[in-house]
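Please read the following explanation alongside the sequence and the 3D view. It leads from enclosed spaces to an open pocket, and then to charged contacts and the surface.

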Amino acid sequence: MTNIYESVIADTSYEAQQIAKEKFGDNFEIVNEERFKDSICFGFGKQERVKITVKVNSNQPKKPFFGCKDNYLFPIATNTPQDNNNYLQESQQPYEPKPLSVPPITAKGTYSRIKQGGLRSHVDGIHGLQEGDDEPQPQKLSAKSEASEVENMLNYLKDMRKVRTNQNHIGSEIKSNRVTSQKLEDIQNQLDILTSTLTNLAQNSSLFLRENQLPQGLCDIEKGLLNIETPQEIIKELFRELRINCDKETLCESKSSLCALHRLIKERLSISSQYEIKKSSRPQVIVLMGPTGVGKTTTIAKLAAKYCFNPSKPIKACFINIDFYKLGAKAQLQKYAEIFNIPLEDITSIASLDYCLKQHKDDDLIIVDTAGRSQYAFQDLKELKLYLDRIPNATKYLTVSSTSKYSDLKEIINSFGQVGFDQIILTKTDETKTIGPAVGMLLKTNKSLAYITHGQSVPEDYRIASFDFFEERIFKAIQNPDNYQQII
């Protein structure tokens, strides 16, 4: 005997058993029963249903279901060959199942269940879980909760209808008005023009407000300072001091305001005196440090040419290289050492640095080149400080590029300030006309400016720092912003 397993789904266990009896008669046994949630009313709700699994004996005929012929699905064997032949002839006829008719869901949520031979009576309300073999009973909602459920469903359907109406409207417009690629390009161009116009209006309105707040002389100066990219915070500080120290008539006239600004910047900028080599019992030491790519090694060559190629004051000097990260800089410094005919010492540890300083204790000048380090490489800066703290009586120069942004210059000053430096060397002034960021950096720090470099030629392209450089780069640019030419 072969067992066949079938599944039957209904709202209650009772109904599932009745359906199983209608399909299989009494020739089945329930082996499993489970409940699950099923969607109702177009997915707007959930209903608990029951699924039973029955074991059917295949050697016994199944009872026909939903109008099927009795001897079509499960033929019954007879003892006479004639009966069997009649069955075979009848089974060869095409099978035409009876159509199913499912009654629609009513407004109150009533439903009907198809039963063999007729329809089950209507049940109002939500069909609940029924146990046992009794007929299911209706479970009615209260009038308030039923009205609330119906109202929520109607509101949801209205919202869905609005969304679909809008989508259909947009779709019809797109279909009726075909947007070509040329039209899209024209729209993009118009948006770009509009954005540019709004930006100009915002800038002009901001400038208009500033002109109404500032005296005329300061407004003219502000335009010139902005042309050389002077930071706004520096401009505000300068104007604040000018307003404190100058009367209103002075600030209303451009020329007198410019003279007042000239005096103020000259007072605030710190310029160091020229470095001189003096005979002493121990050598003088110059150390150059700074970020990568600012021109430290080239600047060292320019300083060495200045002090070592002086026939009237011959000195004994040497190079010390602590730049063991960058082989290219070492080779460049070696070339300069050969040209100047002075020794070059490579340092790889603090012990080797101490030994080297003892070996050159009788020299007049020691120039130290260090590896370029980022202002954000804090561990490397700590290591650099360990080396430099071992060098006594060293004059430490921080080398910065005039092409750097003001925000970067502030970070460089803060980071290398933890290492410790005495003066500043400003490099690459030939590569920019906007000296404002460097001026802002010098005004913010209390360190003095020692040297200014403006090219790669050794030893020509450098100068001792003086205020004349800033007069050319600041005040001539303010007076003639259109015809200003860079003057080295």
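The second largest cavity in this predicted model has a volume of about 40 Å³. Its lining consists of L225, I228, T230, L238, I265, V439, L443 and I474. Sorted by class, these lining residues comprise seven nonpolar and one polar, with no charged residue among them.

The count of cavities of 30 Å³ or more comes to two. The largest cavity likewise has a volume given as about 40 Å³. Around the largest cavity stand S272, S273, Q274, Y275, Y397, Q423, A450, Y451 and I464. Here the lining divides into five nonpolar and four polar residues, again with no charged residue. The general idea behind such a search is that a probe the size of a water molecule, rolled over the atoms, reveals where empty space remains.

From enclosed spaces the account turns to an open one. The second largest pocket holds about 260 Å³ of space. Its lining is made up of Q274, Y275, E276, I277, K278, K279, K306, Y307, N310, K313, P314 and I315. Two of these residues, Q274 and Y275, also appear in the lining of the largest cavity. The pocket lining contains five charged residues, together with five nonpolar and two polar ones.

Charged side chains also pair with one another. Across the whole structure, 11 salt bridges are found. One of them joins R49 and D11, with a nitrogen-to-oxygen distance of 3.0 Å. Because R49 belongs to strand β3 (residues 45–57) and D11 to the loop between β1 (3–10) and α1 (13–24), this pair ties together parts that are 38 residues apart in sequence. Both R49 and D11 are buried.

A further salt bridge connects K410 with E233, whose closest N and O atoms are 3.3 Å apart. This contact links distant parts of the chain, since K410 sits in helix α14 (residues 406–419) and E233 in helix α7 (residues 232–245), 177 residues apart. Are these two residues buried or exposed? K410 has a relative accessibility of 31% and therefore counts as partly exposed. E233 is also partly exposed, its relative accessible area being 31%.

K316 and D363 form another salt bridge, at 3.6 Å from N to O. K316 lies in the loop between α10 (296–308) and β7 (317–322), and D363 in the loop between α12 (350–359) and β9 (365–370), so the pair brings together parts that are 47 residues apart in sequence. The two partners fall into separate exposure classes: K316 is partly exposed, with a relative accessible area of 48%, whereas D363 is buried, at 4%. Elsewhere, salt bridges that share partners join E233, E237, E241, R268, K410 and K444 into one network. The pair K410 and E233 described above thus has both its residues in this network.

The surface offers a contrasting feature. A nonpolar patch is formed there by L184, I187, L191, L194, L198 and L201. Together, the residues of this patch have about 580 Å² of accessible area. L184, one of the patch residues, is located in helix α5 (residues 181–213).

Notes:
Residues numbered from 1 in each chain as written. Predicted model: local features only at pLDDT ≥ 70, side-chain atom pairs only at ≥ 80, totals over all residues. Heavy atoms only, no water. 1 Å grid on protein atoms, 1.4 Å probe; cavity = no way out; pocket = protein on both sides within 12 Å on 5 of 7 lines; lining within 4 Å. Points joined across faces, edges and corners; volume = space filled by probe spheres on them. Nonpolar A, V, L, I, M, F, W, Y, C, P; charged D, E, K, R; others polar. Salt bridge = Lys/Arg side-chain N within 4 Å of Asp/Glu carboxyl O. Helix = DSSP H or I, 4+ residues; strand = E, 2+ residues; numbered from the N terminus. Buried < 20%, exposed > 50% of the residue type's maximum accessible area, 1.4 Å probe, protein only. Patch = residues over 30% accessible without salt bridge, like charges linked within 9 Å, V, L, I, M, F, W, Y side chains within 5 Å. Areas by Shrake-Rupley, 256 points an atom, 1.4 Å probe, with all protein chains shown as cover.
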